[in-house]
Amino acid sequence: MSNNGSMSTLCLQNEHEILDDTITHKLYLGLTPFIICIGLLGNILTVCVFILTDLKKQSVSIITIALAIADSFVLLIPVSILWLEKVLRRELTDLSPFWCRTHGVFDLAFTCCSSWLMVCIAFERFCAVWLPHNNKIIFTHRRTLILVLSIVFISTILSTWFIFAVKMTQFPLMPLENSMDSIFFLLANYTEIPFSKCSVYDENLYDSMGMASIIINYILPFIFVLLLNSTVIYRLCQRGMVELTSSITVMLTLVCLVHLFCTLPFQCWWIYYEIPDQTGNCLWLKKKLTWRTITFTIRNINYMANFFLYSCSSKFFRDELKGLIFLCLLPHEKYQSYHYRRQSLYDNMQQRVSLTQLVMRRLSRATEVTNAGIMITQSTAIVANSPIRNV
């Protein structure tokens, strides 16, 4: 979400001029393309693994797929556009009224979806650890899908306030690269060259709604994820799990913890940004913009890191990923066993065996063993020397 409305009023320099010679700005310009490309590739692989392998049997896979899609949209639209603005040294929101009104909606909606989907993952793992017998009843595939769609819809509705908080404003002076150049140009020419700029209706209302969005998108999910994961970790410590590398619970808990650490600095920066300053000093503004660049980059890493967290913390995920890659790149007969196993293993949804069927199968196997002559009774011992024995 753009935050340039009130910060540029206290200093004649614009944001690009202030951050041009800073190391953090240069690192941001260099790291962001790698974050976007690697994050998109990792999220695509995550979706493929959770859709095409045995992990799709888990109801939480629906949430992880939706989380990967939401993270991809965060990287693809708001993060990419903001990076492009820094490279081109101009505000793309001034090009059209549509983008002026909607650029903040995309960022708010997708980040809200990502944060509350993370809450759903934490709650699902809470139920899996504390209520293992009821977890499959609470989180069925149908209920999980409805929950995900509800989060997407509510997040979109809560983000539409941004459309009504901004507007395109007409100014009589063509903006130049330097703010002082614009003043000298106006004094020398006395001509009005109109141009449009994206601005807000009311800065106080904009800041208030922005703070409310920060609370909904970051602070509340942060509290819920922290509390739920604390109880999950406590329960795991009580159980004394040994095979931590193959546990889905440990994998998803690690994802939630990384989300907490990556989004916390950006929340702190927004609160720091709301502190008013009346000095009009560009150094104060430079400090705020520098910390925004740092915390914003850390926040973007969260939308890239989930695939690597899945791969590092879960042997099951790594095995499914390797098998899927082998099937795609090396379609040889020795890799077809993975395809057969993937179609038949843990097929609890399509093949449900009742207790009666299990008993009948056990009895039938016992009868076959008896008829085969393995179980020797007294009658078989009596006729052991009969002519039939030779046959």
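R299 and D107 are both buried in this predicted model, and their side chains meet in a salt bridge with an N to O distance of 3.6 Å. R299 belongs to helix α11 and D107 to helix α4, which spans residues 97–130, so the pair ties together parts of the chain that are 192 residues apart in sequence. Side chains of opposite charge can pair when their charged atoms come close. The R299–D107 pair is one of four salt bridges in the structure.

Helix α4, which contributes D107 to this pair, comprises 34 residues. The distance from its first C-alpha to its last is 51 Å, close to the 50 Å expected at 1.5 Å a residue. Helix α4 nevertheless has a kink of about 25°, centred on H103. Of its 34 residues, 26 are buried, so α4 is largely enclosed by the rest of the structure.

The partner helix, α11, covers residues 282–313 and also contains M304. With a relative accessible area of 16%, M304 is buried, because the threshold for that class is under 20%. Beyond residues up to four places away in sequence, M304 touches F34, I35, I38 and G39. For one of these, I35, the C-alpha atom is separated from that of M304 by 6.3 Å, although the two residues are 269 residues apart along the chain.

The residues touched by M304 lead to helix α2, which runs from residue 23 to residue 52. This helix has 30 residues and reaches 43 Å between its first and last C-alpha atoms, close to the 44 Å expected at 1.5 Å a residue. At its N-terminal end, α2 is capped by T22, a side-chain oxygen of which lies 3.4 Å from the backbone nitrogen of H25. Further along, α2 bends by about 30° at L31, and a proline, P33, follows within four residues.

Helix α3, made up of residues 60–88, includes S72. At 15% relative accessibility, S72 counts as buried. A polar atom of the S72 side chain lies 2.8 Å from the backbone oxygen of A68. Leaving aside neighbours within four places in sequence, S72 is in contact with L40 and N43.

The position of S72 also falls in a segment described in a database record. In an unreviewed entry, UniProt lists residues 27–53, 60–84, 104–123, 144–166, 215–236 and 248–272 under "transmembrane region". In the model, residues 60–84 are 100% helix and 0% strand, and the end C-alpha atoms of that span lie 35 Å apart. Residues 248–272 are likewise 100% helix and 0% strand, with their end C-alpha atoms 37 Å apart.

A second set of charged side chains is found in helix α12, residues 315–329, where K315 and D319 lie four residues apart, about one turn of the helix. K315 forms a salt bridge with D319, the closest N and O atoms being 3.0 Å apart. D319 also forms a salt bridge with K322, with 3.8 Å between the closest N and O atoms. Because D319 and K322 are three residues apart in α12, they are separated by about one helical turn. Salt bridges that share partners thus join K315, D319 and K322 into one network.

The members of this network count as partly exposed: K315 at 42% relative accessibility, D319 at 31% and K322 at 45%. R299 and D107, by contrast, are both buried.

These details belong to a chain with 15 helices and two strands. Of its 391 residues, 41% count as buried. Among contacts in the chain with a separation of 6 or more, 79% are accounted for by residues 24 or more positions apart. The M304–I35 pair, 269 residues apart along the chain, and the R299–D107 salt bridge, whose partners are 192 residues apart in sequence, both illustrate such separations.

Notes. Residues numbered from 1 in each chain as written. Predicted model: local features only at pLDDT ≥ 70, side-chain atom pairs only at ≥ 80, totals over all residues. Heavy atoms only, no water. Buried < 20%, exposed > 50% of the residue type's maximum accessible area, 1.4 Å probe, protein only. Contact = heavy atoms within 4.5 Å. UniProt positions renumbered as here; feature names shortened; annotations may be inferred. Expected span 1.5 Å × (residues − 1). Bend = angle between axes of the 7 residues up to and from the residue. Polar contact = N/O pair within 3.5 Å; in protein donor to acceptor, adjacent residues only side chain to side chain.
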